[in-house]
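Colleague: I should be grateful for a close look at a single part of this model. Please take one helix and describe its surroundings in a connected account.

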Amino acid sequence: MEIAARFHDIGKAAMPHALLTKPSRLTPGEMAIMRRHADVGATILNATATLISAAPIVQASHEWFAGGGYPFRLAGEAIPLASRIIAVADAYDAMTQDRVYRVRFDTNDAIAELLRCTPTQFDPAVVDAFLSVLSRH
């Protein structure tokens with residue numbers, strides 16, 4: 001899981017720089033291109049002897065708990081647990097960092113957004129565990 005977490009967005013290295021740095025919302029077509037990064041990341045990891053085991057976790061790290069994610073629209077327990085954990089941690093990290101298109105959320109707003117997106121996007125058990133750990137730090 002640690003390796004998959006480190007490399008979960010490795011496929012973005014193959015995405016157009018203009019999309020990665022665009023200062024506004026992506027168009028639906030641009031989003032379709034960016035969503036390919038999960039498959040591209042898995043392809044990159046599958047090509048290595050030492051990282052191949054992380055490939056399925058990386059590929060599923062943008063699936064949604066209720067089935068609305070990508071690339072396969074997996075749902076619930078069909079999504080590897082490591083992928084569900086990475087999804088929550090990555091979302092919190094993304095929300096609490098400044099982006100070219102928005103300012104960061106404060107901790108309370110990021111937590112509220114995680115809760116708002118549970119159970120549609122995030123596994124409720126994973127969010128509960130994440131918030132438990134977060135409250136201790």
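Modeller: The account below follows helix 6, its partners and the loops on either side.

The model is a predicted one, and every value given here is computed from it. Helix 6 covers residues 81-95. At 1.5 Å a residue, its 15 residues should span 21 Å, and because the C-alpha atoms at its two ends are 21 Å apart, expectation and model agree.

Much of the interest of this helix lies in its buried residues. Ala82, Ser83, Arg84, Ile86, Ala87, Val88, Ala91, Tyr92, Ala94 and Met95 are buried in helix 6. These buried residues pack against helix 1 (2-7), helix 5 (55-59), helix 7 and helix 8.

Ser83 is a useful residue with which to begin. Ser83 belongs to helix 6 and has a relative accessible area of 0%, so it counts as buried. Apart from residues up to four places away in sequence, Ser83 touches Pro56, Ile57, Ala60 and Ser61.

In soluble globular proteins, nonpolar side chains tend to be buried together. The largest nonpolar core of this model has 14 residues, and those touching the most other members are Val88, Tyr92, Leu114, Phe122, Phe130 and Leu131. At least two residues of this core come from each of helix 6, helix 7 (107-116) and helix 8 (124-135). Helix 6 contributes the largest share, five residues. A second core, separate from this one, has ten residues, including Ala42, Leu51, Ala55 and Val58.

Phe130 shows how the parts of the largest core meet. With residues up to four places away in sequence left out, Phe130 touches Val88, Ala89, Tyr92 and Leu114.

The packing of helix 6 against helix 8 may be described next. The two helices pack at an angle of about 50 degrees, and their axes are 10 Å apart. Angles of 35 to 65 degrees are neither roughly parallel nor roughly perpendicular, and helix 6 is therefore oblique to helix 8. The crossing of helix 6 past helix 8 is right-handed. On the side of helix 6, the contact is made by Leu81, Arg84, Ile85, Val88, Ala89 and Tyr92. Helix 8 contributes Val126, Val127, Phe130 and Leu134 to this contact.

The other partner to consider is helix 7. Helix 6 and helix 7 pack with their axes 9 Å apart, at an angle of about 140 degrees. Only angles over 145 degrees count as roughly antiparallel, and the two helices are therefore oblique to each other. Helix 6 passes helix 7 in a crossing that is right-handed. Val88, Ala91, Tyr92 and Met95 of helix 6 make this contact with Thr107, Ala110, Ile111, Glu113 and Leu114 of helix 7. Val88 and Tyr92 thus take part in the contact with helix 8 and in the contact with helix 7.

Beyond helix 6, Thr96 lies in the loop between helix 6 and helix 7. Its relative accessibility is 16%, which is under the 20% limit, so Thr96 counts as buried. Neighbours within four places in sequence aside, Thr96 is in contact with Arg104, Phe105 and Ala110. Ala110 is also one of the helix 7 residues in the contact with helix 6.

The loop on the other side of helix 6 has two backbone features. Most residues other than glycine have a negative phi, and most peptide bonds are trans. In the loop between helix 5 and helix 6 is Pro71, and the peptide bond from Tyr70 to Pro71 is cis, with omega near 10 degrees. Arg73 is found in the loop between helix 5 and helix 6 as well. Its phi is near 60 degrees, a positive value in a residue other than glycine. Arg73 has a relative accessible area of 58%, which is over 50%, so this residue is exposed.

Another cis peptide bond joins Thr118 and Pro119, where omega is about 5 degrees. Pro119 is placed in the loop between helix 7 and helix 8, the two helices that, with helix 6, each supply at least two residues of the largest core.

Terms used:
Residues are numbered from 1 along each chain as its sequence is written. This is a predicted model: local features need pLDDT of at least 70, side-chain atom pairs count only at pLDDT 80 or more; totals for chains, interfaces and linings use all residues. Side-chain values use heavy atoms; hydrogens and water are left out. A nonpolar core is a set of buried Ala, Val, Leu, Ile, Met, Phe, Trp, Tyr and Cys residues joined through side-chain atoms within 4.5 Å. Buried means under 20% relative accessible area, exposed over 50%, partly exposed in between (1.4 Å probe, protein chains only). Helices (H or I, at least four residues) and strands (E, at least two) are DSSP runs, numbered from the N terminus. Contact means heavy atoms within 4.5 Å. The expected span of a helix is 1.5 Å times one less than its number of residues. Axes are lines fitted to C-alpha atoms, for helices over the stretch in contact, and angles run from 0 to 180 degrees between N-to-C directions. Angles under 35 degrees count as roughly parallel, over 145 as roughly antiparallel, 65 to 115 as roughly perpendicular and the rest as oblique. A crossing is left-handed if the near helix is turned anticlockwise from the far one by less than a right angle, and right-handed if clockwise.
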